[in-house]
Amino acid sequence: MAQQSRVTVPSPGCLAAIMVPILAVLIAASVLMVMHYRQERANERNMAEALDRTAALARSYARDLADAPNGFPGQEAVRGIAERHDGRLLSYARSDYSLTTTVRFFGEYEDTSMFGVSHSRVYQCYSIVLRKRAEGALQAKTSPLEACNVI
């Protein structure tokens, strides 16, 4: 008796049964990766916009300081101005010709994920120096700080 060797070829339906789930998983993974990438870029944009708002708050705060009547305002007045601009006064130093303050300004933004939307806060510290010019007018200089280590 001779042994017969049989070669079987899977039916097209069998190949489809194997390939369809694999293809579905690959498509789902690709969609999730694209969604995650888009959410991360949106979150980065939202955070950058919140930081831009803190810069606008700092400029507005500096204008209000310069517009204060009777020269340099006192520490409590400065604290009030900072709070009106969503800021927190961290330091106050006053001399005859200048006023230097450090203020932490806050900005809120939406942080999205696949599980929903949450509200996050970002902050930036600024040094605001107010100096008297020769003609008596006040000049403000606003500078962002790398770290808020003045408390």
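Here are a few notes on the core, one helix and a surface patch of this predicted model.

1. Ground rules: local features need pLDDT of at least 70 and side-chain atom pairs count only at pLDDT 80 or more, while totals for chains, interfaces and linings use all residues. Residues are numbered from 1 along each chain as its sequence is written, and side-chain values use heavy atoms, leaving out hydrogens and water.

2. The largest nonpolar core (buried Ala, Val, Leu, Ile, Met, Phe, Trp, Tyr and Cys joined through side-chain atoms within 4.5 Å) has 18 residues, of which Tyr61, Leu65, Val103, Phe105 and Ile128 touch the most other members. Two or more residues each come from helix H1 (12–66), helix H2 (75–84), strand E2 (98–113) and strand E3 (116–132); helices (H or I, at least four residues) and strands (E, at least two) are DSSP runs, numbered from the N terminus. H1 gives the largest share, 6 residues.

3. Have a look at Phe105. Beyond its neighbours within four places in sequence, its contacts (heavy atoms within 4.5 Å) include Tyr61, His85, Tyr123 and Ile128.

4. H2 has two sides. Val78, Ile81 and Ala82 are buried (under 20% relative accessible area; exposed is over 50%, partly exposed in between; 1.4 Å probe, protein chains only). These buried residues fall within an arc of 100 degrees seen down the axis, so they line one face of the helix; the arc uses directions from the helix axis to the C-beta atoms. Their cover includes H1, strand E1 (87–94) and E2. On the other side, Glu76, Glu83 and Arg84 are exposed.

5. Asp86, following H2, has a positive phi, near 55 degrees.

6. Met35 sits in helix H1 and, at 37% relative accessibility, counts as partly exposed.
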